[in-house]
Amino acid sequence: SLTSSKSLDSSESLIQTKVPLTLIIRSDEYERILQNERILRVIGSTDFKAIQRAFEAVELSEETLKALKRLVEKIDTPLAVRSSSLFEDSVYRPFAGSFETYIIPNSHPDPSERLRQLLSAIKHVYASPFKPEAQLYFSHAGKRAEEERMAIVLQELVGERHGAYYYPQISGVAGSYNFYPVSHMKA
């Protein structure tokens, strides 16, 4: 929990939050999936629905499946499923925001159903570099989606359940200093 070191008077309240549980699926899982015969058959296609179906049909590795099963058995709070990729943080042509992110409720009483929903979200994130909008950006950047290396970040949403709803405690974007300036930029 985060706490404030300053003293509080009776009119102030302290917000306590926790660092969310985070699980990373390494990029080698994505690389393995890209070598799957089903995926190789559709990669050049402009039919994104067919590409999504091919990704849906691919099995994740046994190691990844075991870790995901443990995750859904341990928690039943909402999860963010998002990409973390080589091109997203590119200095000259960043792909930030180009790929899908899913928030899943992870609240079904049956852990096997929660796992099914989680796997579906992961596979849709994996397919997202092949969506038409991303393909257009790849072509303008002089890159190909097949060159991408993507990890998946699974992160528990921090908040509280109120009846049938789950509310986050806080939301926002954090910024930091750029200690590695390029060209005209300053640290």
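Analyst: Helices are DSSP runs of H or I with at least four residues, strands are runs of E with at least two, and both are numbered from the N terminus. Counted this way, the chain has 6 helices and 6 strands, which follow the pattern β-α-α-α-α-β-β-α-α-β-β-β along the sequence. This is a predicted model, in which local features need pLDDT of at least 70 and side-chain atom pairs count only at pLDDT 80 or more, while totals for chains, interfaces and linings use all residues. Residues are numbered from 1 along each chain as its sequence is written, and side-chain values use heavy atoms, with hydrogens and water left out.

User: Thanks, that helps! What makes Glu-31 and Arg-149 a salt bridge?

Analyst: The term asks for a side-chain nitrogen of Lys or Arg within 4 Å of a carboxyl oxygen of Asp or Glu. For Glu-31 and Arg-149 the N to O distance is 3.6 Å, so the pair qualifies. Glu-31 is in helix H1 (residues 27-34) and Arg-149 in the loop between helix H6 (132-141) and strand E4 (150-156), so this salt bridge links distant parts of the chain, 118 residues apart.

User: Why are Glu-31 and Arg-149 called partly exposed?

Analyst: Buried means under 20% relative accessible area, exposed means over 50%, and partly exposed is what falls in between (1.4 Å probe, protein chains only). Glu-31 has 32% and Arg-149 has 31%, so both values sit between the two cut-offs.

User: How many salt bridges are there in the whole structure?

Analyst: The search finds 7. Another one joins Lys-131 to Glu-100, with the closest N and O atoms 2.6 Å apart. Lys-131 lies in the loop between helix H5 (111-127) and H6, and Glu-100 in the loop between strand E2 (79-85) and strand E3 (101-104), so this pair ties together parts that are 31 residues apart in sequence.

User: What puts Lys-131 and Glu-100 in their accessibility classes?

Analyst: Lys-131 has a relative accessible area of 12%, so Lys-131 is buried. Glu-100, at 24%, is partly exposed.

User: Where does the salt bridge of Glu-113 and Arg-116 sit, and what separates the two residues?

Analyst: Both residues are in helix H5, and because they are 3 residues apart, about one helical turn lies between them. Their N to O distance is 2.7 Å, and Arg-116 is partly exposed at 48%. Elsewhere, Arg-26, Asp-28 and Glu-63 form one network through salt bridges that share partners.

User: How do you know which residues belong to a nonpolar core?

Analyst: Such a core is a set of buried Ala, Val, Leu, Ile, Met, Phe, Trp, Tyr and Cys residues joined through side-chain atoms within 4.5 Å. The largest one here has 40 residues, and Phe-55, Leu-118, Ile-122 and Tyr-126 have the most contacts inside it. Among the elements that give two or more residues to this core are H1, helix H3 (48-57), E2 and E4, and H5 provides the largest share, 8 residues. In soluble globular proteins, nonpolar side chains tend to be buried together.

User: What does Ile-122 touch?

Analyst: A contact means heavy atoms within 4.5 Å. Beyond its neighbours within four places in sequence, Ile-122 contacts Ile-25, Leu-60, Leu-68, Val-81, Ile-152 and Leu-154.

User: Why is the packing of H4 on H5 called oblique?

Analyst: Their angle is about 125°, with the axes 9 Å apart. Angles under 35 degrees are roughly parallel, over 145 roughly antiparallel, 65 to 115 roughly perpendicular, and the rest oblique, so H4 is oblique to H5. The residues that meet include Leu-65, Leu-68 and Val-72 in H4 and Leu-115, Leu-118 and Ile-122 in H5.

User: And what makes Thr-64 count as buried?

Analyst: Thr-64 lies in helix H4, and its relative accessibility is 10%, so Thr-64 falls under the cut-off for buried. Leaving out residues up to four places away in sequence, Thr-64 touches Ile-25 and Glu-29.

User: One last puzzle: what is unusual about the phi of Asn-106?

Analyst: Most residues other than glycine have a negative phi. Asn-106, although not a glycine, has a positive phi of about 50°. Asn-106 is in the loop between E3 and H5, and with a relative accessible area of 0%, Asn-106 is buried.

Conventions. Axes are lines fitted to C-alpha atoms, for helices over the stretch in contact, and angles run from 0 to 180 degrees between N-to-C directions.
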